[in-house]
Protein chains: 2
Amino acid sequence: MARTRPETRRVEEAAVDLPEGVAPPGTRGRILRAALKLFAEYGYYGASIRDIAAAVGINSATLYAHYPSKEQLLADLIVVGHEELHRRLLRALVESGSDPVEQLAALVRAQVLAHADFPLLAVVSNQELHALSPQAAAPALALREHSAELLLRVLDLGAQRGIFAVPDVRLAATAIGSIGIRVANWFHSGGAYSRERVADTFAEFALRIAGAAALPGDAGTTGPPPVAGQSIG
Amino acid sequence: MARTRPETRRVEEAAVDLPEGVAPPGTRGRILRAALKLFAEYGYYGASIRDIAAAVGINSATLYAHYPSKEQLLADLIVVGHEELHRRLLRALVESGSDPVEQLAALVRAQVLAHADFPLLAVVSNQELHALSPQAAAPALALREHSAELLLRVLDLGAQRGIFAVPDVRLAATAIGSIGIRVANWFHSGGAYSRERVADTFAEFALRIAGAAALPGDAGTTGPPPVAGQSIG
DNA sequence: GTCTATAGGCCGATAGAC
DNA sequence: GTCTATCGGCCTATAGAC
């Protein structure tokens, strides 16, 4: 394993954590968390079975009593990551009303919070998927498709109703999704911004991209109201 | 090397290419291009010296007549990538007027076009930097800092002049930058959108994030003008 | 500059004792 | 379930012939 290089991290230092209830108990769970940390930091090919075992404090052979292969370890992590995001997005939509503005804000808030709460998991899910065989990657890809569809449908509905004004729905979805995905690469809980602050601000940005109004009660913006000819529409 | 897995690519298929004038002539240049392709597809640790040599059609030992180490190959690529982006951003600013709106649009257009023109180089520059030693990474990190500073200064200036209306300049810069960076992961020249279309649309999104007006002559948006209470400001 | 050959080491995974 | 020991293979890099 390469040495730790704080200046060039793929992801900020984070308490290694998995969503509640998904880590297996005992040694198996400790292996999964160690793999998460090392895959996030060094990549799948950059972290060895021996590295993971050493981080847990067991012999590398012992690892195979808990997982059949290194690839299965990665596959489990990536499924967990995609499931957690999809679950949060669904819940956000369910808890929203029928207003596309509210729905879009809820989706973006949920995506940002998921990436802020589990940055290591998000980095591994997004940047190490390529190391899985197509069969092992398929479940995660299906979940990814469903998650993308949720955002696209909300944007489409809002555009059809004239609530959103956007030059291209698919490019808007791509742009909005990109903002949230990258949160995993820079957010850390001791940083300048709270998770809620980022989520609220990025939800506001998503509404602006969509050409919608700010939600009532949202954080105000600095600067004057728009001058003539600068309103969006 | 792992097999090719089209379903789970880190980057879309792309003509392997480097900015004009940066690839060395002859075998050395062919090695650099092969390394670019393989590092982008499999990551630094996922592509071996033997893989790169095989792609060029030479023996792995021959590679060391051209490059002193595998790490130097990566370091060269990453410097080239960061230099190209910084060069384009500077030129975009120089060719812009003093209007922050025009400057922001020009910066975003330049960033998007750089990532669309050299997606492999962008992916390697962004996602493999962690594999370099701090010394080898330092030049690229300095360039990255300068590039980020350009965007931040334009946003700051516009906000101070009341031309932009943004809740947080740093978060706005992060969001705008994220949209462009991710272009390298999904754009391909045979796809549904031309590079110019993406650049124009994402420049428009950046202006919306900044709370600015669309540039005159920009592509129109679908949907009606905003209803009362939905204008940005 | 390109090759063959190989050094020296780490890789994922397994066998078998306890 | 954990260990020691090890297999067969691939890794980066070098030596030395041509």
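**Close-up 1. Two helices meet DNA strand C.** In this predicted model, helix 2 (49–56) of chain A and helix 3 (60–63) of chain B each supply at least two residues of the surface near DNA strand C. Of the 15 residues around this strand, the ones that come nearest are A:Ile49, A:Tyr64, B:Asn59, B:Thr62 and B:His66. Sugar and phosphate make up 56% of the atoms of DNA strand C that come within 4 Å of the protein. Sorted by class, the surface has seven nonpolar, six polar and two charged residues.

**Close-up 2. Side chains at the phosphates of DNA strand C.** Look here for three side chains, each with an N or O atom beside a phosphate oxygen of the strand. For A:Tyr64 the distance is 2.8 Å, and for A:Lys70 it is 2.8 Å. From chain B, the side chain of B:His66 places an N or O atom 2.7 Å from a phosphate oxygen.

**Close-up 3. The surroundings of DNA strand D.** Helix 3 (60–63) of chain A and helix 2 (49–56) of chain B each give at least two residues to the surface near this strand. There are 16 residues around DNA strand D, with A:Asn59, A:Thr62, A:His66, B:Arg50 and B:Tyr64 coming nearest. Of the strand's atoms within 4 Å of the protein, 56% belong to sugar and phosphate. Seven nonpolar, six polar and three charged residues form the surface. Polar side-chain atoms lie 2.6 Å from a phosphate oxygen of DNA strand D at A:Thr62, 3.2 Å at B:Ser48 and 2.9 Å at B:Lys70.

**Close-up 4. An annotated stretch of chain A.** An unreviewed UniProt entry marks residues 48–67 of chain A as "DNA-binding region". In the model, this span is 60% helix and 0% strand, and its end C-alpha atoms are 14 Å apart.

**Close-up 5. A:Phe202 in the largest nonpolar core.** This core has 85 residues, and A:Phe202 is among those touching the most other members, along with A:Leu104, A:Leu155, B:Leu104, B:Leu155 and B:Phe202. Beyond its sequence neighbours up to four places away, A:Phe202 touches residues of chain A, including A:Val108, A:Ile179 and A:Trp186, and also B:Leu171, B:Thr174 and B:Ala175.

**Close-up 6. B:Val11, ahead of helix 1.** Find B:Val11 in the segment before helix 1 (26–42) of chain B. B:Val11 counts as buried because its relative accessibility is 1%, where buried means under 20%. Its C-alpha atom is separated by 6.9 Å from that of B:Leu120, although the two residues are 109 residues apart along the chain. Leaving aside neighbours within four places in sequence, B:Val11 contacts B:Ala40, B:Pro119, B:Leu120, B:Val123, B:Ala184 and B:Asn185.

Conventions: Residues numbered from 1 in each chain as written. Chains lettered and ligands numbered in written order. Predicted model: local features only at pLDDT ≥ 70, side-chain atom pairs only at ≥ 80, totals over all residues. Heavy atoms only, no water. Helix = DSSP H or I, 4+ residues; strand = E, 2+ residues; numbered from the N terminus. Buried < 20%, exposed > 50% of the residue type's maximum accessible area, 1.4 Å probe, protein only. Contact = heavy atoms within 4.5 Å. UniProt positions renumbered as here; feature names shortened; annotations may be inferred. Near = heavy atom within 4 Å. Polar contact = N/O pair within 3.5 Å; in protein donor to acceptor, adjacent residues only side chain to side chain. Nonpolar A, V, L, I, M, F, W, Y, C, P; charged D, E, K, R; others polar. Core = buried A, V, L, I, M, F, W, Y, C linked by side-chain atoms within 4.5 Å.
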